[in-house]
Amino acid sequence: VVSLLGIVGIAVSGFLYASPFPSVVDAARKRDNSHLNNKLLFCLLLNCSMWVCYGFRKNDHFIYGLNLFGMAVSVGFAAVYHKLNHSSSSSWLTFLLYYRAVPAACLVLFLLVVPLTIVGVVTCAFNCLMFVSTLATMRRAIETANKRLLPLAVALGSIAAGSVWAVYGILIGDIFVIVPNALGVVLRVLQLVVLARITCLVKSSRRTVSMRSITVVPIAPLKNSSKPIVTVTNQCEQP
């Protein structure tokens with residue numbers, strides 16, 4: 001059962017790691033990186049580096065295998081972002097230092113120097129902070145009523161992946177795997193609630209605008225009638 005959960009978790013999480021691929025390809029084609037978040041990519045790289053160390057120290061092939069893939073994807077996406085911003089050889093040296101030296105130092109420290117318990121605590125805490133940072137995105141989505149900031153497919157995929165890894169952590173008795181994934185599931189469920197709320201607000205707003213566009217136009221009264229006839233016209237354009 002544990003092995004099966006590990007395989008399913010790798011499949012679902014691997015899909016989530018690779019999910020920005022269409023956006024990256026589109027950015028490279030249009031030579032526009034405005035939709036790519038360099039800081040988020042770097043945080044993802046650090047997070048995966050920590051989990052690689054933790055999985056290696058725990059001798060858990062599923063954990064460090066998945067996060068090695070996550071590291072490779074993060075570096076690849078970041079390289080595209082950097083290529084769209086810079087082209088000189090000196091800038092690529094900075095990129096290598098930024099995206100190779102820092103994760104490499106993290107790997108050396110966590111693999112050779114820092115005790116396993118501390119590695120687990122730091123990795124778990126950093127992962128939780130990344131999940132909590134989505135609250136800012138939810139707030140911005142509510143303020144702007146923009147559903148595109150909260151992709152439904154990503155939320156559902158994250159719930160599936162978090163649920164699998166949380167159960168996996170319970171079965172192997174690892175609190176550092178359970179906590180961040182359980183938190184991630186809770187926050188993604190909250191994201192679905194926010195998404196549903198925004199959808200209702202948008203529909204209500206459209207209905208209100210439609211009602212306000214209705215006007216009453218009086219017409220002269222008919223013979224033998226003291227009451228005028230009214231017609232209702234809707235000035236709202238039909239979709």
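The following exchange walks through a predicted model, from its overall make-up to single residues.

Biologist: Before we begin, what kind of model is this, and how are residues numbered?
Modeller: This is a predicted model, in which local features need pLDDT of at least 70 and side-chain atom pairs count only at pLDDT 80 or more, while totals for chains, interfaces and linings use all residues. Side-chain values use heavy atoms, with hydrogens and water left out, and residues are numbered along each chain as its sequence is written, from 1.

Biologist: How many helices and strands are there in the protein, and in what order do the elements run?
Modeller: Helices (H or I, at least four residues) and strands (E, at least two) are taken as DSSP runs and numbered from the N terminus. The protein has nine helices and two strands, and from the N terminus on the order is α-α-α-α-α-α-α-α-α-β-β.

Biologist: What part of the 239 residues is buried?
Modeller: Buried means under 20% relative accessible area, exposed means over 50%, and partly exposed lies in between, with a 1.4 Å probe and protein chains only. By that definition, the buried part of the 239 residues is 35%.

Biologist: What span does α3 reach from its first C-alpha to its last?
Modeller: The expected span of a helix is 1.5 Å times one less than its number of residues. With 21 residues, α3 is expected to cover 30 Å, and its computed reach is close to that, at 30 Å.

Biologist: Which residue follows α3, and is that residue buried or exposed?
Modeller: Most residues other than glycine have a negative phi. The residue after α3 has a positive phi, near 60°, and sits in the loop between α3 (38-58) and α4 (61-85). Its relative accessible area is 55%, so it counts as exposed: the residue is Asn59.

Biologist: Where is Ala145 placed, and what is its relative accessible area?
Modeller: Ala145 is not a glycine, yet has a positive phi of about 55°. Its place is in the loop between α7 (134-144) and α8 (152-172). Ala145 is partly exposed, with a relative accessible area of 39%.

Biologist: How do Trp51 and Tyr54 form an aromatic pair?
Modeller: Rings of Phe, Tyr and Trp (its six-membered ring) pair if their centres lie within 6.5 Å, and planes under 30 degrees apart count as stacked, over 60 as edge-to-face and the rest as tilted. The structure holds five aromatic pairs. In one of them, Trp51 and Tyr54 are 5.7 Å apart centre to centre with 85° between the planes, which makes the pair edge-to-face.

Biologist: Which residues form one aromatic cluster with Trp51?
Modeller: Trp51 and Tyr54 both lie in helix α3, three residues apart, about one turn of the helix. Trp51 is buried at 7% relative accessible area, and Tyr54 is buried at 2%. The residues that form one aromatic cluster with Trp51 are Tyr54 and Phe176.

Biologist: How many disulfides does the structure hold, and which cysteine sulfur is nearest to that of Cys128?
Modeller: A disulfide is a pair of cysteine sulfur atoms within 2.5 Å, and the structure holds zero disulfides. Cys128 is in no disulfide, and the nearest cysteine sulfur, 4.2 Å away, is that of Cys124.

Biologist: What is the relative accessibility of Cys53 and of Cys128?
Modeller: Cys53 counts as buried, with a value of 0%. Cys128 also counts as buried, and its value is 14%.
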